[in-house]
Amino acid sequence: MKSFFQKLNANKSKKLAIALAVALSAATFAGCSLGSSTTPAKSSSSSAQQTQQANLDNLSDARNTPTVRAAAAVGPSVVGITNKAVARDFFNNPVESQGVGSGVIFKNDGGKSYIVTNNHVVDGASELIVSLSDGRSLPGKLVGADALTDLAVVQVDDGNLPTADFGDSDATVVGESVIAIGNPMGLEFQGSVTSGVVSALNRTLGDGDARIKLVQTDAAINPGNSGGALVNMDGKVIGINSAKIVANGVEGIGLAIPSNAVQNVISAIMEKGYVPRPYLGVSIFDQQSAARYGYQLNLKKGVYLFQVVPGGPASKAGLHKGDVITAIDGDDIKGVSDLRAKIAEHSVGDKIELTVQRGNQERKASLTLEEMPQDNR
């Protein structure tokens, strides 16, 4: 199964990016981590923090806007994450590369703090360094990651760090003001705040494997912002910034993973180190996907089973190669994306009812969804 977000190396220093398949001429979808950075001095950062707090204490009512309050509430919990990895040069010699992204501290527990970031920020790391808003740097440990949703959790050994609160992304409305907080262009610009609005909701980009819908914003998101916070005027994190659309003549299209989806994923990562997902245990085609592989499939609706995993859920329910699934729980299945979206609504252990066409006969099959094997991810 393809991941929703994939890496794109852009130069000698490791630059992580996202490639999203969508029909937009001359456009690319870039992840927002950066190749190299300069780490700010601790004394400089601490001094700036003290000055900032003094300025906040002396703000007039006119200047103490919702934007200012939201930045003050969430800013201290946004960190920089440096990914040190070992790559190979043209002569196959090991070369250390470095990338920088952002993260948001969301939990303190047992003398440790936990940070959510993007999978593409930490992918392939031999070492992770977390740069805090107070100027300190701590070694980070990867708790787990999920390539499909491009999310990861990193742990540091300090349980007294400022944490951000998640808001309800389902309550977000188009046009409301938001800010993005992160590290554009690396740690020299750590904790930068940009403002904008929610431009759109439920943006689904990518191919049929995409299972999350994104929040679109015109708040400036730049390389290094990956894993940073998208914050509403209540000071709540409603998204984790993950991508921007880059194209000639295109500006102000940034994308964030909504906070409700984020919370579900990080809860699973914290519990198991990965995200358990339900699966049918089949390989499927619809008319369009078959054509991409050079097959002709005379199928107006539904999905064709060209492989059924022995001992898998579909096999246990009596499904065979050549069957066509036309509905799940009474909802029509028009193609591969419909089936995947329907399965994604369920959890491991849920029971579903399939409507199956076998030759000229239609039958019903009850099936219990099982956890997708790790080697299928």
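**Notes on strands and salt bridges in a predicted model**

1. At 28% relative accessibility, R358 counts as partly exposed. A happy place to begin, since the side chain of R358 meets that of D323 in a salt bridge, 2.8 Å from N to O. R358 belongs to strand β19 (residues 351–358) while D323 sits in the loop between α6 (313–316) and β17 (324–328), so this pair ties together parts 35 residues apart in sequence. D323 is buried, with a relative accessibility of 2%. Please keep in mind that this is a predicted model.

2. Now the chain as a whole. The protein chain has seven helices and 21 strands, and 45% of its 377 residues count as buried. Of the contacts between residues at least 6 apart in sequence, 63% join residues at least 24 apart. The exposed area is about 18,200 Å², with 46% of it supplied by carbon and sulfur atoms.

3. How many salt bridges does a search of the whole structure find? The search gives 10. One of the pairs is K112 with D157, whose closest N and O atoms are 2.8 Å apart. K112 lies in strand β4 (residues 112–117) and D157 in the loop between β7 and β8 (177–182), so parts 45 residues apart in sequence are tied together. K112 is partly exposed at 27% relative accessible area, whereas D157 is exposed at 58%.

4. You may also like the pair R277 and D146, whose side chains form a salt bridge at 2.7 Å, N to O. This pair links distant parts of the chain, 131 residues apart: R277 is in the loop between α4 (259–272) and β14 (278–279), and D146 is in strand β6. Both R277 and D146 are buried.

5. Strand β6 (residues 137–146) deserves a look on both sides of the sequence. Strand β5 (residues 127–131) runs antiparallel to β6, joined by four bridges, and L128 has G140 as its bridge partner. Five residues separate β5 and β6 in this hairpin, and G135 in the turn has a positive phi of about 100°. With strand β7 (residues 151–156), β6 pairs in the antiparallel sense over five bridges; here L142 is partnered by V154. The β6–β7 hairpin has four residues between its strands, and D150 in the turn has a positive phi of about 60°.

6. Finally, is A365 buried or exposed? A365, in strand β20 (residues 361–368), is buried, because its relative accessible area is 3% and the cut-off for buried is under 20%. Beyond residues up to four places away in sequence, A365 touches A317, L319, I352, E353 and L354. The C-alpha atoms of A365 and T355 are 6.6 Å apart, with the two residues 10 apart along the chain.

Methods. Residues numbered from 1 in each chain as written. Predicted model: local features only at pLDDT ≥ 70, side-chain atom pairs only at ≥ 80, totals over all residues. Heavy atoms only, no water. Helix = DSSP H or I, 4+ residues; strand = E, 2+ residues; numbered from the N terminus. Buried < 20%, exposed > 50% of the residue type's maximum accessible area, 1.4 Å probe, protein only. Contact = heavy atoms within 4.5 Å. Areas by Shrake-Rupley, 256 points an atom, 1.4 Å probe, with all protein chains shown as cover. Pairing = 2+ DSSP bridges. Salt bridge = Lys/Arg side-chain N within 4 Å of Asp/Glu carboxyl O.
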